[in-house]
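Student: I would like to learn how to read strands and aromatic rings in a model that is new to me. Could we go through a few cases together, slowly?

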Amino acid sequence: MTFHNKNIVIDFEPISRRIYYSDNETIYHALTKSGIRVNSLCGGKGTCGKCKLLIQKGLNLFNDYTKPELEKLSKNEVKKGWRLACQAILDLRKVEQMTDPQALHVRIFLPDDLLIEDFKILTTGVDKGIQLIPNVLKLRVHPDKPSLSKPIPDFERILSSLPLDQLKPSKDIVIDYNVLKNLPDLIRTQEDELTFTILNQKHIIDCEPGNTSEKNFGIAFDIGTTTIVGYLMNLNDGKIYAVSSLLNPQTAYGEDVITRITYIRDNEDGLNQLNTAVINALNTIINKTCKKARIEPSNIYEISIVGNSVMHHIFLGINPTFIGLSPYVPAIQRNLNVKAKNLGLSISTEGNVHILPLIAGFVGADTIGVILSSQIENESDLTLAIDIGTNGEIVIGNKDILATASCAAGSALEGAHIQHGMRAAAGAIDTIKIDPKDLTVDYSTINQKKPLGICGSGLIDAVAELLKARVLTRSGNFNKELIENDRIINTGKAVEFIIADKDETSTGKHITISQHDIRELQMAKGAFYSGMRLILSYLDRTRNFHHEIQQIYLAGAFGNYINKANAKFIGMIPDITDNKIFQIGNAAGMGAQHCLINKNLRQKAQDLLRKIEYIEIAVEKDFQQEFAKAMYFPHFNLDYFPSLQEYKYIPKR
Ligand code: FES
């Protein structure tokens with residue numbers, strides 16, 4: 001029994017790996033054959049129950065649930081479409097009945113604990129040096145003893161023992177009710193020394209026996225659409241003690257913010273499911289980082305959060321549906337402080353969660369984080385910052401101006417919708433060189449593993465090198481004069497260029513770049529470049545602000561790994577000298593860290609809202625035209641890229 005007549009595509013998320021299903025085999029075998037190692041104790045016999053995955057699209061094409069699945073999966077899991085990889089197999093009869101090719105597109109979510117390989121998540125950024133002004137103080141107190149001659153109540157005696165120069169006036173100091181309840185006993189059993197935890201210089205939120213002043217921690221979170229990173233920081237010295245990250249478990253409900261909004265809109269319990277998923281993920285990261293730093297979660301007193309507007313709403317349990325509908329407004333813009341226990345976060349009982357403000361429906365607190373940490377608003381040079389993640393955000397600014405927009409860059413640069421695309425993980429081809437004389441390819445892979453697919457930086461390199469070798473034309477088509485070369489194959493459906501021969505790969509199949517992949521990259525890079533031009537022309541028109549970009553910051557996981565010169569060569573970013581292009585790492589996460597250790601920056605983030613101008617570029621009248629021109633390599637108008645002399649020799653069509 002074979003599937004040769006049908007072309008079945010399976011996309012595995014959140015690792016963005018696509019396979020073409022051709023044999024009568026279980027999903028477990030399809031995964032392992034493709035080099036994706038998964039957890040299993042029973043080797044695929046259906047007895048360990050370790051290989052659970054969620055079939056998000058195409059469940060109707062699979063065999064009926066087997067006995068081991070009905071034993072290992074709960075009723076609720078079965079209802080939602082969870083299966084055991086070693087039991088799930090495509091059913092030929094059901095496949096043959098399908099006439100719509102779209103119906104043969106399967107999407108499967110692989111939960112974090114199923115995958116053995118670590119996926120590379122950027123946890124670092126460039127620190128511009130921030131003053132330590134934490135919102136949480138831990139102060140040691142040696143309280144006076146009460147006496148008949150001085151019958152001063154416990155709380156008032158504590159107040160007189162606190163170093164008031166570090167606090168608000170004593171009349172403003174309040175004690176949490178739960179702390180007060182324990183105070184009389186604690187003060188009498190631990191007479192010598194107590195440590196008080198004080199929030200915002202006035203609110204006593206904890207009291208511990210002895211000296212625990214060194215255990216003063218906070219955690220900063222960057223809640224991305226695809227990944228969540230947590231940075232455990234000591235609030236006494238501002239240093240990072242542990243970092244942990246997870247793929248965002250909400251990916252099980254939708255690849256991007258729009259599909260998650262749709263899920264919430266269409267499912268009565270959808271918001272609760274997605275909110276629970278993110279809160280559980282944050283609690284997992286809290287526990288992991290505490291273990292690494294050898295502290296208790298109760299030693300964490302504050303959390304700071306950045307994330308895009310939809311992640312922000314779901315985290316807070318606020319319906320994000322209206323962000324997805326014109327005029328795309330969020331429920332709130334300003335920053336927020338919420339008790340951790342009200343959100344279900346397991347830190348100190350009275351711990352505080354600070355959520356940075358949003359800019360607009362599609363430009364969130366993560367962009368505020370990028371602005372804060374890059375300090376773009378202090379630059380003299382007009383600076384372009386692009387945050388490349390599952391969504392694309394653009395900031396243009398300097399000391400005079402600050403403008404932002406979001407662009408529909410899609411997730412091709414994270415490997416999605418690319419035939420052999422994958423995220424930056426072991427086995428991903430991440431750099432590529434092509435000899436223009438004979439088209440031989442030199443590439444590297446992450447962790448030097450056998451090639452498994454191509455990640456975003458590899459994709460940019462591949463296209464830039466193919467252009468330099470004149471295999472591609474400026475409009476992104478394969479150059480017909482070269483179509484005879486062995487590396488260029490015609491599969492009958494599309495023209496493809498072989499990056500890694502099947503003998504070299506872990507899948508036993510060629511890893512190629514197809515015409516379709518090139519179109520996906522053109523759309524992504526076109527979205528960034530045209531977005532930038534539209535912001536500039538908006539500022540020019542409305543403010544008479546006529547300047548060109550002088551400096552570029554590439555932020556985000558992907559921005560850190562790309563070859564800057566090649567990003568410029570394909571026309572993703574403007575033509576400025578390489579030494580004015582900076583890769584600034586996870587700048588959004590860095591912004592959350594800065595706000596955690598310096599409370600004054602929270603006010604600054606709030607104040608920045610007055611300076612930031614949000615531009616809805618999709619309604620700009622030249623939007624379609626600018627986007628179409630920016631689809632060319634490097635651009636329809638070569639005058640924008642005067643330094644790229646090679647383009648003189650590259651055909652236009
Ligand atoms: S691998 Fe053990 S149940 Fe599937």
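Student: How enclosed is strand S18 (residues 402-407) by the rest of the structure?

Tutor: This is a predicted model, and burial is judged here by relative accessible area, with buried meaning under 20%. Five of the six residues of S18 are buried, so the strand is largely enclosed by the rest of the structure.

Student: Which strands pair with S18, and in which sense, parallel or antiparallel?

Tutor: Strand S17 (residues 392-397) pairs with S18 in the antiparallel sense over six bridges, and a hairpin of four residues joins S17 to S18. Within that pairing, Ile 394 stands opposite Ala 405 in S18. Strand S27 (residues 612-614) pairs with S18 in the parallel sense over three bridges, where Thr 404 has Tyr 614 in S27 as its bridge partner.

Student: Which way do the residues of strand S15 (residues 352-355) point?

Tutor: Asn 352 and His 354 point one way from S15, whereas Val 353 and Ile 355 point the other way, and all of them are buried. Strand S13 (residues 300-307) runs parallel to S15 and is joined to it by four bridges, while strand S14 (residues 336-339) pairs with S15 in the antiparallel sense, also over four bridges. His 354 is a useful residue to look for, since Ser 304 stands opposite His 354, and Asn 337 stands opposite His 354 as well.

Student: How many aromatic pairs are there, and how should I read one of them?

Tutor: The count comes to eight aromatic pairs. In one of them, the rings of Tyr 529 and Tyr 640 have their centres 6.4 Å apart and their planes at 40°, so the pair is tilted. Tyr 529 lies in helix H13 (residues 515-543) and Tyr 640 in the segment after helix H17 (623-630), so the pair ties together parts that are 111 residues apart in sequence. Tyr 529 is buried, at 2% relative accessible area, whereas Tyr 640 is partly exposed, at 29%.

Student: What is the geometry of the pair formed by Phe 569 and Tyr 647?

Tutor: Phe 569 and Tyr 647 are stacked, at 4.7 Å centre to centre and with 25° between the planes. This pair links distant parts of the chain, with Phe 569 in helix H14 (residues 564-569) and Tyr 647 in the segment after H17, 78 residues apart. Phe 569 is buried at 3% relative accessibility, and Tyr 647 is buried at 2%.

Student: Which charged residue lies over the face of Tyr 640?

Tutor: Arg 533 lies over the face of Tyr 640, at 4.3 Å from the ring centre, and Lys 468 lies over the face of Phe 569, at 5.0 Å from the ring centre.

Note on methods:
Residues are numbered from 1 along each chain as its sequence is written. This is a predicted model: local features need pLDDT of at least 70, side-chain atom pairs count only at pLDDT 80 or more; totals for chains, interfaces and linings use all residues. Side-chain values use heavy atoms; hydrogens and water are left out. Buried means under 20% relative accessible area, exposed over 50%, partly exposed in between (1.4 Å probe, protein chains only). Helices (H or I, at least four residues) and strands (E, at least two) are DSSP runs, numbered from the N terminus. Two strands pair if DSSP finds at least two bridges between them. Rings of Phe, Tyr and Trp (its six-membered ring) pair if their centres lie within 6.5 Å; planes under 30 degrees apart count as stacked, over 60 as edge-to-face and the rest as tilted. A charge sits over a ring if NZ of Lys or CZ of Arg is within 6 Å of the ring centre and within 35 degrees of the ring normal.
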